[in-house]
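Please read the following briefing alongside the sequence and the coordinates. It takes up pockets, sheets and overall dimensions in turn.

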Amino acid sequence: MEQKIRRVGVFTSGGDAPGMNAAVRSVVRTAIHYGIECIGIRRGYHGLINCDCEPLSFESVSGWSRRGGTMLYSARSEDFMGESGHAKAVSTCKLLGLDALVGIGGDGTFRGLLTLVESGIAVMGIPGTIDNDISCSAYTIGFDTACNTALESIDKLRDTMQSHERCSVVEVMGRHAGHLALYVGAASGATAVLVPELEIDYEKDVVEPIRRARLNGRTHFMIIVAEGVEGGAYEVSRRIQEATGLNARVTILGHVQRGGSPSARDRVMATYMGYEAVRLLAEGKRNRVICLQDDKYVDYDISEALSMKKSLDLQTYHVMQVMSGMRHGV
Ligand code: F6P
């Protein structure tokens, strides 16, 4: 019989993502609903090591849903990886009397949670990253807002590129994953999208689509590059210039993509995922990751979740290519 949960800790970790605050608000309010106290840990694992925390009440999280960034701050903690940092984090959990910890973040956050499980701490993970690269879940909090933020800038860029009949190479975030690049590319009607998951053949994947677009009467071109592509946007621009003579201008959207008020989708996803995490804890489940699969909220054991692999949505990639003028069999 699992011990009844009386107090939980909640923290955000890794790269911040719009919607993290809505998730924390939901964890707090659902905890209160089940008669559970909630402690906010500031600055992720760094705060856990240093016992940097504050009690969170129903009122203290009021208005958090619409706030960008993370009100609990975030950090990437090297110390937590070491033995003494880890031991301190475990003693903070004991000192604060936490019966469970809810971590909101990406893969790195979940790997940290798993090490706590191995030290006897009960945990729950909520996927929050603009990269949408958590294998067990079709969606991660922050992705929709980041796509819309990038899209807004790309639409503006397109206006000026069109006026000057130029080629634009836009780098979007995604150090290891191209989900954001692909989605933004499909939404913006890009000429080509380059992602780290797919090997790049410059002639076939970049030069040929530009030629096709030219033949179709286009005089400006939009190439979306994920940050993790070798050489990044500057290398892509150099290659385009070399092969086509076009002056390919580079724009790196950078951290602006992580900011801003969360979209309706991110607020609702975050609220459901926060609710599910605490509901499952209250009902006796432990060490799970909350996921979205086939439009349903499901949960996986954290070690199973971490062993899963997520592949790129090749159907979207293909449809995007068709929209940019790819002929059958090309
Ligand atoms: O949040 C994930 C992510 O946005 C990656 O796409 C990016 O490479 C990384 O964070 C950069 O984060 P930071 O600059 O904060 O280390």
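From which domains does the lining of the largest pocket draw at least three residues each? The lining draws at least three residues from each of domain 1 (7–142 + 262–307) and domain 2 (147–258), where the domain bounds come from an automatic or database domain assignment. This is a predicted model, in which local features need pLDDT of at least 70 and side-chain atom pairs count only at pLDDT 80 or more, whereas totals for chains, interfaces and linings use all residues. Residues are numbered from 1 along each chain as its sequence is written, and side-chain values use heavy atoms, with hydrogens and water left out.

**Largest pocket**

- The largest pocket holds about 1200 Å³ of space; a pocket is an open set of points on a 1 Å grid over the protein atoms alone, where a 1.4 Å probe fits, with protein on both sides within 12 Å along at least five of seven lines, and a volume is the space filled by probe spheres set on the points, which are joined across faces, edges and corners.
- The largest pocket is lined by 46 residues, and those closest to its centre are R76, G108, D131, R175 and H176; a lining residue has an atom within 4 Å of a point.
- Two or more residues of this lining come from each of α4 (107–118), β6 (167–172) and α10 (302–307), and α4 gives the most, with six residues; helices (H or I, at least four residues) and strands (E, at least two) are DSSP runs numbered from the N terminus.
- By class, the lining of the largest pocket comprises 13 nonpolar, 19 polar and 14 charged residues, with Ala, Val, Leu, Ile, Met, Phe, Trp, Tyr, Cys and Pro counted as nonpolar, Asp, Glu, Lys and Arg as charged, and the others, Gly among them, as polar.

**Second largest pocket**

- The second largest pocket has a volume of about 280 Å³, and among its 15 lining residues N132, A138, F143, Y183 and D313 lie nearest its centre.
- Both α5 (143–164) and α6 (179–188) supply at least two residues of the lining of the second largest pocket, with α6 giving the most, three residues.
- The lining of the second largest pocket has seven nonpolar, four polar and four charged residues, and it draws at least three residues from each of domain 1 and domain 2.

**Sheets**

- An open sheet of four strands, with parallel pairing, follows the order β7-β8-β6-β9; two strands pair if DSSP finds at least two bridges between them.
- At the edges of this sheet stand β7 (192–194) and β9 (248–252), each with a single partner strand, so one side of each is left without a neighbour in the sheet.
- Neighbouring strands of the four-stranded sheet are turned by 20° against each other on average, direction ignored, with axes being lines fitted to C-alpha atoms and angles running from 0 to 180 degrees between N-to-C directions.
- The parallel strands β7 and β8 (residues 221–226) are joined by three bridges, and V193 has I224 in β8 as its bridge partner.
- An open sheet of seven strands, with mixed pairing, has the order β3-β2-β1-β4-β5-β10-β11.
- Its edges are β3 (53–55) and β11 (296–301), each with a single partner strand, so one side of each is left without a neighbour in the sheet.
- The twist in the seven-stranded sheet averages 25° from one strand to the next.
- Two bridges join β5 (residues 123–127) to β10 (residues 288–293), which run parallel, and G125 stands opposite V289 in β10.

**Overall dimensions**

- The protein has 11 helices and 11 strands.
- The radius of gyration, taken over C-alpha atoms, is 22 Å, close to the 20 Å that the globule rule gives for 330 residues, so the protein is as compact as a globular protein of that length; the rule is 2.2 Å times the number of residues to the power 0.38.
- Along its principal axes the C-alpha trace spans about 70 × 35 × 35 Å.
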